[in-house]
Amino acid sequence: MSESHDHPKEVATTDSHASAAHADHAHHDMHLGLYLGVGGFLLFATVVTVWLSFVDFGSHAANWIVAMAVATVKVGFVAAIFMHLKGEKWMIWKFLLFTVFFCAGLFLLTLFHYADPIFGTSYTTH
Amino acid sequence: MQIPHEVTARPDTGLYNAKLGIWLFLASEVMLFGGLFSAYIFLRMGAEDGYWPRGLLNVPVGALNTAILIASSVTVVLAWASLKMRKFSQYKLWMGISIICGAIFLIVKLAYEWPQKFDHFGAFIKQSELAQYEPYLGNAYLKEKGLPPRVEISGHLHGVEITAEPAGKEKLDAFLQDHHLKMEAGHDAAHPGVQLVTGKHLKPGTVEQLEKVPGVKLVAFEVALDPINAEPTNPESDKPHFWYKGATEKIGKIEREDVETWSAFAPKHSSYFAVYFTITGLHGLHVLAGVLIMIYLWLPIAGGANMFKRNPEHLANRVEVVGLFWHFVDLVWIFVFPIFYLL
């Protein structure tokens, strides 16, 4: 987050201000390689995901954990690089932290099914 | 009306307004898809052994669609970077590729993957009758190996046996003609009243309609079995495969009265397909929305590519916002792919 990622647009560019556009040019040229590199990594990680799903990790639950771990890493790269969350304003991070908190709460609610199974969720009992 | 801060940052937030807006929207989208994924967890954890299908989706096709979405995420970010560098023709190229990728994704889903499912037939056998269908299910073998039992027989419909009351003959004949189906009588010597309906266009949906023709009663299904039911004790069938294998030539017969429920691989087939079609359907609508917005920003119109001459930074911001949405759609798919296709 501390990386300086301040585009001139954050300050003041009402139109194609010559010097700002020039500064931008150099800045984004540097990133083109990064975007392509992350894209390549994501494609590679997709192959890895498929491959790992056919590897026996001892239990189906273990396969789940491995697959979700790989997916989380992939999603992390999409969010950090493509969505520019790396170096993004604190205000957006604040929103997202709340969202993560409430979404985690939503998922934790599913644990209640151990205590109070919902009749009719399985095919045989519908 | 002039919306303020579409290019310059609002001093208190430090962001241009659309960026704040899209992130708030994406936060609500996380909750929307989060709700559906937690529904998936509920359904899957509640499913009894054998009632959560695996290996029914085409893994290479799903992986290809994943790659297409990832590639389009790269090209949309390159389109944005091109605008920041004020390279208009590069912008048009990258945005054009992004649009094509999104369109291919939708075509694969709607013209190939989904229709295949709607043509496939599956029948869940009643618990009390499972033993009778052991040659198609191989449950003794699975038990020995410690694998979950099979309760469904699936494949392509080859024919259905029916009985028909003479009073409804006219309507039945019209139905058969409309759907290019043939009917043979006397194919079962022991039950002379039973007639066999066959035809290239016999799909589960057609049989549902056939059943509604007055006087018609379903007696049995003849199914070109999926490999898993054709050779249930073949160790090859123990686990899902990478390459999708279609129905075999082997025909299996299932009595209607032994079947708990039967249908196409449609939402009503099972909790699995219900949640699969809900999530991939909602995701598909998001892909469609993204494609439409990207087309709008690509076309030479006032609110689209023509903005480049007037205010290139504003256009770059619009592309950044649709890009954020597009990356989110990609991000959801990165979870959808392993959850439905692989696990």
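In which helix of chain B is the place of B:Ala18? B:Ala18 lies in helix α1 of chain B. The legends below describe a predicted model.

**View 1. Surroundings of B:Ala18 in helix α1 of chain B.** B:Ala18 has 19 C-beta neighbours inside 10 Å and therefore counts as partly exposed. Leaving aside residues up to four places away in sequence, B:Ala18 touches B:Glu6, B:Asn317 and B:Val321. From B:Ala18 to B:Gly323 the separation is 305 residues in sequence, and their C-alpha atoms are 12 Å apart in space.

**View 2. Helix α1 of chain B, residues 17-46.** The helix has 30 residues, so at 1.5 Å a residue it should span 44 Å; the C-alpha atoms at its ends are 44 Å apart, which agrees with that expectation. Buried positions in α1(B) are B:Lys19, B:Ile22, B:Trp23, B:Phe37, B:Tyr40, B:Leu43 and B:Gly46. These buried residues pack against elements of both chains: α4 and α5 (112-115) of chain A, and α9 (271-298) and α11 of chain B.

**View 3. Chain A and its helices.** Chain A contains five helices and zero strands, giving the pattern α-α-α-α-α along the sequence. Of the 126 residues in chain A, 18% are buried. Taking contacts in chain A between residues at least 6 apart in sequence, 46% connect residues at least 24 apart.

**View 4. The side of chain A that touches chain B.** Between the two chains, 52 residues of chain A are in contact with 53 residues of chain B. On the chain A side, α1 (8-11), α2 (18-53), α3 and α4 (90-109) each supply at least two residues. Helix α2(A) gives the largest share, 15 residues. Sorted by class, this side of chain A has 29 nonpolar, 17 polar and six charged residues.

**View 5. Helix α3 of chain A packed with helix α11 of chain B.** Helix α3(A) covers residues 60-82 and helix α11(B) covers residues 312-342; their axes are 9 Å apart and meet at an angle of about 170°. Because of that angle, which is over 145 degrees, α3(A) is roughly antiparallel to α11(B). From α3(A), the contact is made by A:Ala67, A:Ala71, A:Lys74, A:Val75, A:Val78, A:Ala79 and A:Phe82. From α11(B), the residues are B:His327, B:Asp330, B:Leu331, B:Ile334, B:Phe335, B:Pro338 and B:Leu342. By class, the residues of this contact are eleven nonpolar, one polar and two charged.

**View 6. Strand β4 of chain B and the strands joined to it.** Strand β4(B) runs over residues 195-198, and its side chains alternate. In a regular strand, side chains alternate between the two faces of the sheet. B:Gln195 and B:Val197 point to one face and are buried, whereas B:Leu196 and B:Thr198 point to the other and are not buried. Strand β2 (residues 152-164) of chain B is joined to β4(B) by four bridges, and the two run antiparallel. In this pairing, B:Gly159 stands opposite B:Thr198. Strand β3 (residues 182-184) of chain B is joined to β4(B) by three bridges, and this pair also runs antiparallel. Here B:Met183 stands opposite B:Val197, one of the buried residues of β4(B).

Key:
Residues numbered from 1 in each chain as written. Chains lettered and ligands numbered in written order. Predicted model: local features only at pLDDT ≥ 70, side-chain atom pairs only at ≥ 80, totals over all residues. Axes fitted to C-alpha atoms, helices over the stretch in contact; angles between N-to-C directions. Parallel < 35°, antiparallel > 145°, perpendicular 65-115°, else oblique. Contact = placed C-beta atoms within 7 Å. Nonpolar A, V, L, I, M, F, W, Y, C, P; charged D, E, K, R; others polar. Buried ≥ 20, exposed ≤ 12 C-beta atoms within 10 Å, placed from the backbone. Pairing = 2+ DSSP bridges. Expected span 1.5 Å × (residues − 1).
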